[in-house]
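Here is a short colleague's note for someone opening this entry for the first time. Please keep the sequence and the 3D view side by side while reading.

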Amino acid sequence: MTANGKGMIIGAAAMLLLLALFALIVILTGAYNVAATDRHNPIVAWAFDTTYHNSVQGRADDLESPQFTSGMIEAGAGEYKAMCAHCHGGVGVSPAGWAEVMQPHPPALARAAEKWTDEEVFWLVKHGVKMSGMPAFGPTHDDDTIWNIAAFVKEMPQLSAEEYAAIGSGGHGGEGGHSH
Ligand code: HEC
């Protein structure tokens, strides 16, 4: 190896060591502000967001969504209104005030659902999202229930406020025993 090549390797190693040291100092001193009222630094926001999307995409790849039926959408609507709407809102329905100030902010699924596939919505609901406040419903709900919820979430962007208000109110409301 040339002297130049060796120099580059030593330089790169020193750089990595410095970066690790910097990260450790930030972690140990609490320099990074975790307040929900403080916006993320753009680099941290990019790192979280990219990790989040790629992680969900990769893991949902193995799933195969069933064909959604109107019965599934109807059943999912009741679950959604009981367990999700206070954080994510509905069509023409705002989330609870406390959810509006969460960081990350629970996206309005009436719009955001379009950018996720059926399988990704299922995966997100089943497993939740670490360090974000998005709960995992898998431990307490079976896959059929979660596919119903996914069916409704994917339907929501097409609904008017009137349709949203009317759907799922036919006595499906949640699993019983949910007191949100
Ligand atoms: C306590 C509040 C809370 C509840 C309850 C909740 N979520 Fe979430 N959800 C979040 C937050 C916060 C995020 C954003 C995660 C992130 O950006 O890292 C999220 C993200 C999502 C996403 C991905 C959206 C996107 O574009 O990032 C989907 C889909 C989702 N939730 C569906 C649901 C469904 C369906 C339910 C009900 C079964 C539900 N959530 C219940 C807080 C909640």
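The numbered points below go from the overall layout to the iron site, the core and some local details.

1. **Model and layout.** This is a predicted model. The domain assignment of the chain gives two parts: domain 1 covers 1-33 and domain 2 covers 68-166. Their C-alpha centres are 42 Å apart.

2. **The iron site.** Start with the ligand's iron atom. Two protein atoms serve as its donors: NE2 of His88 and SD of Met134. They lie 2.0 to 2.1 Å from the iron. Six donor atoms surround the iron in total, and the angles they subtend run from 88 to 179 degrees, so the arrangement is octahedral. For reference, six octahedral donors would ideally give angles of 90 or 180 degrees.

3. **Where the two donors come from.** His88 belongs to helix H4 (residues 85-88), while Met134 sits in the loop between H7 and H8. The two are 46 residues apart, so the pair links distant parts of the chain. Their surroundings can be checked too. His88 has a relative accessible area of 13%, so it counts as buried. Met134 reaches 23% and is therefore partly exposed.

4. **Cysteines.** How many disulfides does a search of the whole structure find? The search finds zero. Two cysteines are worth locating all the same. Cys84 is buried, at 10% relative accessible area. Cys87 is buried as well, at 16%.

5. **The largest nonpolar core.** This core holds 33 residues. Those touching the most other members are Tyr80, Phe152, Val153, Met156, Leu159 and Tyr164. Five helices each give two or more residues to the core: H2 (42-60), H3 (70-83), H6 (109-112), H7 (118-127) and H8 (143-155). H8 gives the most, with seven residues.

6. **Met156 up close.** Which residues does Met156 touch, not counting those up to four places away in sequence? The list is Tyr80, Gly90, Val91, Leu109, Ala110 and Tyr164. Tyr80 and Tyr164 are also among the core members that touch the most others.

7. **Helix H7.** This helix is mostly covered, with seven of its ten residues buried. The buried ones are Glu119, Glu120, Val121, Phe122, Trp123, Leu124 and Val125. H2 and H8 are among the elements that cover them. After H7 comes Gly128, with a positive phi near 70 degrees.

8. **Met131.** Met131 is in the loop between H7 and H8. Its phi is also positive, near 55 degrees, although Met131 is not a glycine. Most residues other than glycine have a negative phi. Met131 is exposed, because its relative accessibility is 80%.

9. **A cis peptide bond.** Most peptide bonds are trans. The bond joining Gln103 and Pro104 is cis, with omega about 5 degrees. Pro104 lies in the loop between helix H5 (97-100) and H6.

10. **Glu155.** Is Glu155 buried or partly exposed? Its relative accessible area is 25%, so Glu155 is partly exposed. This residue is found in helix H8. Compare its position with that of Val34: the two are 121 residues apart in sequence, and 35 Å separate their C-alpha atoms.

Notes
Residues numbered from 1 in each chain as written. Predicted model: local features only at pLDDT ≥ 70, side-chain atom pairs only at ≥ 80, totals over all residues. Heavy atoms only, no water. Core = buried A, V, L, I, M, F, W, Y, C linked by side-chain atoms within 4.5 Å. Buried < 20%, exposed > 50% of the residue type's maximum accessible area, 1.4 Å probe, protein only. Helix = DSSP H or I, 4+ residues; strand = E, 2+ residues; numbered from the N terminus. Contact = heavy atoms within 4.5 Å. Donors = N, O, S within 2.8 Å, 3.2 Å for Na, K, Ca; no water. Tetrahedral: all angles 85-135°; square planar, octahedral: opposite > 155°, others 65-115°. Domains from an automatic or database assignment. Disulfide = S-S within 2.5 Å.
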